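Grab a pencil and take a good look at the model below. Each exercise comes with a worked solution, so try it yourself before reading on.

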Amino acid sequence: MRFGFAVKVLGEPGLKSNDARRWQSNPHLGVSLNYLQDIIRYLEKKKIRMYRMSSDLAPYITHPEMPQFRNQIDECLDELAYVGRMARAADIRLSFHPSQYIVLNSPEERVADLAIADYHAEARILDEMGQGPEAVVVTHVGGVYNDKSAGMERFIKNYNRLSDTARRRLVIENDETNYSVEDCLYIHSRTGIRIVFDYLHHMNLNPAKWSLSYALGAALATWPADVTPKIHFSSPRTELREVKRKNPITGKSRAELLPPLLDQHSDYINPYEFAFFMEHAEGLREFDVMIEAKGKDLALLRLKENLSKMGLPT
DNA sequence: CGATGTCAAGGAATC
DNA sequence: GATTCCTTGACATCG
């Protein structure tokens with residue numbers, strides 16, 4: 001089993017995950033790839049074998065009004081191949097997870113077209129990096145727009161408009177408010193798309209009242225036999241949230257403490273919670289685990305420490 | 001140098 | 001139809 005984390009490295013100062021300069025300074029994939037080399041060396045040192053790259057690795061690559069950024073992949077073919085070889089040599093599984101603004105099932109054609117372009121760019125980066133079918137682009141099904149089944153149909157329709165490059169890489173994840181594992185399975189039955197099981201989302205949205213092991217097993221079964229599935233795991237935040245509230249009359253703002261939302265991530269992973277979860281995976285096929293915690297790589301390394309103290313595999 | 005404002009993008013709730 | 005929240009870090013600017 002591989003453990004991975006997303007985007008930002010906290011365990012060592014100075015490691016950047018993408019060229020985040022403003023467009024006026026011409027940020028570029030080539031710069032991001034230099035940063036990525038440093039990250040891969042760090043992952044190797046820490047024996048971390050899965051990593052989600054920044055969705056802004058190629059800045060503005062699909063921006064409709066900035067065509068000057070459009071050819072970044074072609075401008076970096078050698079660098080992509082080189083960094084891809086580094087990742088393979090270090091046995092690191094790579095992935096992308098486009099931001100919340102990328103919505104394939106949007107009724108707005110402009111938005112859906114942008115999503116199609118975005119998935120294609122990220123899939124092509126993985127292709128040029130020479131990554132196998134385990135390197136995926138993870139997305140949510142999208143919005144509901146007052147009609148969930150229409151939302152799913154629109155996802156399927158637009159999925160069929162994807163390039164082969166994008167369709168080979170794209171996978172869906174169950175979310176915490178709209179589309180459950182059950183909904184994702186329906187889309188799988190119509191498209192064959194693979195499902196990334198998200199533990200925290202499933203705990204928050206499970207209208208069918210499926211057991212953990214049934215839902216997990218169903219999601220794992222959507223992956224081909226020779227491709228290792230992956231899942232997302234996170235613990236819910238328990239700390240109070242400090243929210244600044246503005247008085248509409250006086251215009252003054254003051255801090256207020258509110259309970260955490262159930263879908264917010266904690267700093268670290270509760271190792272007992274993870275151990276209980278793994279009991280529900282007993283007898284199911286093997287999978288990789290993407291840790292989603294505010295503590296990023298620190299949370300991952302701490303979880304592995306805690307699990308080995310508990311005598312559990314890492 | 002520290003404080004503060006800003007950043008490409010959508011959806012949903014609220015008015 | 002317009003506004004605000006969601007949520008996040010780091011760039012960019014200003015004093």
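Here are three exercises on DNA strands and aromatic rings.

This is a predicted model, in which local features need pLDDT of at least 70 and side-chain atom pairs count only at pLDDT 80 or more, while totals for chains, interfaces and linings use all residues. Residues are numbered from 1 along each chain as its sequence is written, chains are lettered from A and ligands numbered from 1 in the order in which they are written, and side-chain values use heavy atoms, with hydrogens and water left out.

**Exercise 1.** Find the residues that surround DNA strand C, and work out which part of the strand they meet.

Step 1. A residue is near a strand if one of its heavy atoms lies within 4 Å of it. Nine residues pass for DNA strand C, and the closest are Lys8, Ala20, Arg22, Ser25 and Gln264.

Step 2. Look at the strand's own atoms: of those within 4 Å of the protein, 83% belong to sugar or phosphate and the rest to bases.

Step 3. Check for polar contacts (a pair of N or O atoms within 3.5 Å). The side chain of Lys8 has an N or O atom 3.4 Å from a phosphate oxygen of DNA strand C, and for Ser25 the distance from side chain to phosphate oxygen is 3.2 Å.

**Exercise 2.** Do the same for DNA strand B: which residues come nearest, and what do they touch?

Step 1. Around DNA strand B there are 16 residues, with Tyr60, His63, Ser106, Val144 and Tyr145 nearest.

Step 2. Here sugar and phosphate make up 42% of the strand atoms within 4 Å of the protein.

Step 3. A side-chain N or O atom of Arg22 is 3.1 Å from a base oxygen of DNA strand B. Val144 uses a backbone N or O atom, 2.7 Å from a phosphate oxygen.

**Exercise 3.** How are the rings of Tyr199 and Phe277 arranged, and why does the pair tie together separate parts?

Step 1. Rings of Phe, Tyr and Trp (its six-membered ring) pair if their centres lie within 6.5 Å; planes under 30 degrees apart are stacked, over 60 edge-to-face, and the rest tilted. The whole structure has 12 aromatic pairs.

Step 2. The centres of Tyr199 and Phe277 are 5.4 Å apart and the planes are at 65 degrees, so the pair is edge-to-face.

Step 3. Tyr199 lies in helix H7 (residues 199–204) and Phe277 in helix H9 (residues 271–280), so the pair links parts 78 residues apart in sequence. Helices here are DSSP runs (H or I, at least four residues), numbered from the N terminus.

Conventions. Polar contact = N/O pair within 3.5 Å; in protein donor to acceptor, adjacent residues only side chain to side chain. Helix = DSSP H or I, 4+ residues; strand = E, 2+ residues; numbered from the N terminus.
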